[in-house]
Amino acid sequence: MGLAARLYSEDHQGKFPFDLTECVPTFIEASAFENLRFDSREKSNQPSRPKFDWLYFGAFFEERNPPPLLIASPQTFVAGATRKRIIVLGDLSASIVLEEKYQELLRKTIEAMRQRRGETKTE
């Protein structure tokens, strides 16, 4: 999905899509996009639950100045005794991180959004 957003930006003056669905069907096939949606089941033997869209932070950013956090799973999952998320960074690297790391990246991304709008940090 990160690569699709980057390919989209290359065809749109370096701007990321407002929403990931704009990548369908040119950069992601519709059936593949549906399969890429986040499955909320924590165990494969659980009854099927709805799928959720990924959290996407690329709107209003450009390829030359991407957000720190581009895409994240909408929910945490438990691995061992820790809560984790799947993320894609603005440089398109992807990993599974602890929830605390995600929260740190989310704060940086929100700050980058504020800076783009000309706001100052208020806490």
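Tyr8 is a buried residue in this predicted model, and its relative accessible area comes to 10%, which places Tyr8 below the 20% under which a residue counts as buried. Phe27, on the other hand, is partly exposed, because its relative accessible area of 23% falls in between the 20% and 50% limits.

Let me now turn to how the rings meet. The count of aromatic pairs in this model comes to two. In one of them, Tyr8 and Phe27 are arranged edge-to-face, with 6.2 Å from centre to centre and 70° between the planes. Tyr8 belongs to helix H1, which covers residues 2-11, while Phe27 sits in the loop between H1 and helix H2 (30-36), so this pair ties together parts of the chain that are 19 residues apart in sequence.

What about Phe18 and Phe60, and how far apart are their ring centres? The centres are 5.3 Å apart and the planes stand at 80°, so this pair is edge-to-face. Phe18 lies in the loop between H1 and H2, and Phe60 in the loop between strand S3 (55-56) and strand S4 (69-72), so that the pair links distant parts of the chain, 42 residues apart. Phe18 is exposed, with a relative accessible area of 52%, and Phe60 also counts as exposed, at 62% relative accessibility.

Finally, there are charges that sit over rings. Arg85 has its charged end over the ring of Tyr102, at 4.1 Å from the ring's centre, and Arg116 lies over the face of Phe61, 5.0 Å from the centre of that ring.

How values were computed
Residues numbered from 1 in each chain as written. Predicted model: local features only at pLDDT ≥ 70, side-chain atom pairs only at ≥ 80, totals over all residues. Heavy atoms only, no water. Phe/Tyr/Trp six-rings, centres within 6.5 Å; stacked < 30°, edge-to-face > 60°. Helix = DSSP H or I, 4+ residues; strand = E, 2+ residues; numbered from the N terminus. Buried < 20%, exposed > 50% of the residue type's maximum accessible area, 1.4 Å probe, protein only. Lys NZ or Arg CZ within 6 Å of the ring centre and 35° of its normal.
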